[in-house]
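I open the notebook on a new chain. My plan is to look up one residue, then the chain as a whole.

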Amino acid sequence: MAKIDFTGRVAIVTGSGAGLGKCYALELAKRGAKVVVNDLGGSRDGMGSSDAAANKVVDEIKALGGEAVPNYDNVATVAGGANIVKTAVDAFGKVDIVINNAGILRDKSFTKMEEENWDGVMNVHLKGAYCVTRPAFEVMRANGYGRVVMTTSGAGLFGNFGQSNYAAAKMGLIGLTNVLKIEGEKYNVKTNVIVPVAASRLTEDVLPPEFFEKMKPDFVTSAVLYLCSEQCTDNGMIINAALGYYSRSAVVTGPGAILSDGKRVPTPEEVMESWNKITSLENPKYFGMLPEMFGVLGPVLQ
Ligand code: NAI
């Protein structure tokens, strides 16, 4: 089996002062990567800041003989994102890998979801990925190599009570990935998505205690390290990882129903009549990009 090795690679891991990000940063460094350990060091809901979390992880990496520098910027600002990338370029000369991992939670049922909780979560997860990835993408394009990992959530993919802000932000990252996979392809910049479940301060009151003990971030780390390796040449994959379970999720489209010749507009009643066929997911198709979707209209256009 070919070994996954990051010698000579430079990685940015956002929010790597704790939880999953810390585990990614340590494992990347153990396998030779030079790592920017970014962490704002705030609370679970994104309040406050501290240098301590990032510094501690950098010290741990150095104690193991690895190379790392800390960065304490907020991913949710354009200036912060630019400075995170600058930290990597100044310290190590380039950026090969970005893992967009920083995250907060501000759960409320939808009617109680005030603007500050909506915006706070959107800004860290969705805008944060924009702020960090955009300057990094420029460096990667110029170098003809890059691996980007976005972090989504089952709350977005499948739904979860009280997380409308978080779910919307996390699904926004899938849309962003769908475009970056196309724009990065010819520069060998690949963007994929991880759907983790693991014990951390974000899940300590969500996962049942007996689960919490077992759900080590290391299980997720193996999938993330593969996604940001040279060996992974896939683009736009969404990978679930928890305990020892790994699988792919995807947006797929059912075979559908043709209700007209493309000239006559079908009535709402005809749509109702064919609802089971329209909503069937039997033999679904995966479209790699929007123009492929237009192909299904072929039979109507003939
Ligand atoms: P965590 O709370 O242990 O780690 C997140 C880190 O991000 C913290 O150290 C925090 O200080 C940092 N951070 C927060 N806002 C930041 C900002 N604006 N700029 C820079 N750093 C910031 O949480 P965990 O569980 O390790 O989460 C990592 C990612 O995985 C998050 O994006 C989360 O939404 C996602 N996720 C986690 C799941 C889990 O089961 N733990 C499930 C699904 C998604």
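In which helix is N117 found? I looked it up in the model, which is predicted. N117 sits in helix 4, the run of residues 115-143.

Next I asked: is N117 buried or exposed? I found a relative accessibility of 9% for N117. The cut-off for buried is under 20%, so N117 counts as buried.

Then I checked the surroundings. I set aside the neighbours of N117 within four places in sequence. What remains in contact with N117 is R106, K108 and N165.

I moved on to the whole chain. I noted 12 helices and eight strands as its secondary structure. The radius of gyration came out at 21 Å, and the globule rule gives 19 Å for 302 residues. The two values are close, so I take the chain to be as compact as a globular protein of that length. Along the principal axes, the C-alpha atoms fill a box of roughly 70 × 45 × 40 Å.

I looked at burial over the chain too. Of its 302 residues, 43% count as buried. N117 is one that counts as buried.

For contacts, I took those with a separation of 6 or more. Residues 24 or more positions apart account for 70% of them.

Last came surface and charge. The chain exposes about 15,400 Å², and I see that carbon and sulfur atoms supply 58% of that area. I noted 30 positive and 32 negative charges in the chain. Their mean positions lie 5 Å apart.

Terms used: Residues numbered from 1 in each chain as written. Predicted model: local features only at pLDDT ≥ 70, side-chain atom pairs only at ≥ 80, totals over all residues. Heavy atoms only, no water. Helix = DSSP H or I, 4+ residues; strand = E, 2+ residues; numbered from the N terminus. Rg over C-alpha atoms; globule rule 2.2 N^0.38 Å. Buried < 20%, exposed > 50% of the residue type's maximum accessible area, 1.4 Å probe, protein only. Contact = heavy atoms within 4.5 Å. Areas by Shrake-Rupley, 256 points an atom, 1.4 Å probe, with all protein chains shown as cover. Lys, Arg positive; Asp, Glu negative; His and termini not counted. Charge placed at Lys NZ, Arg CZ, Asp CG, Glu CD.
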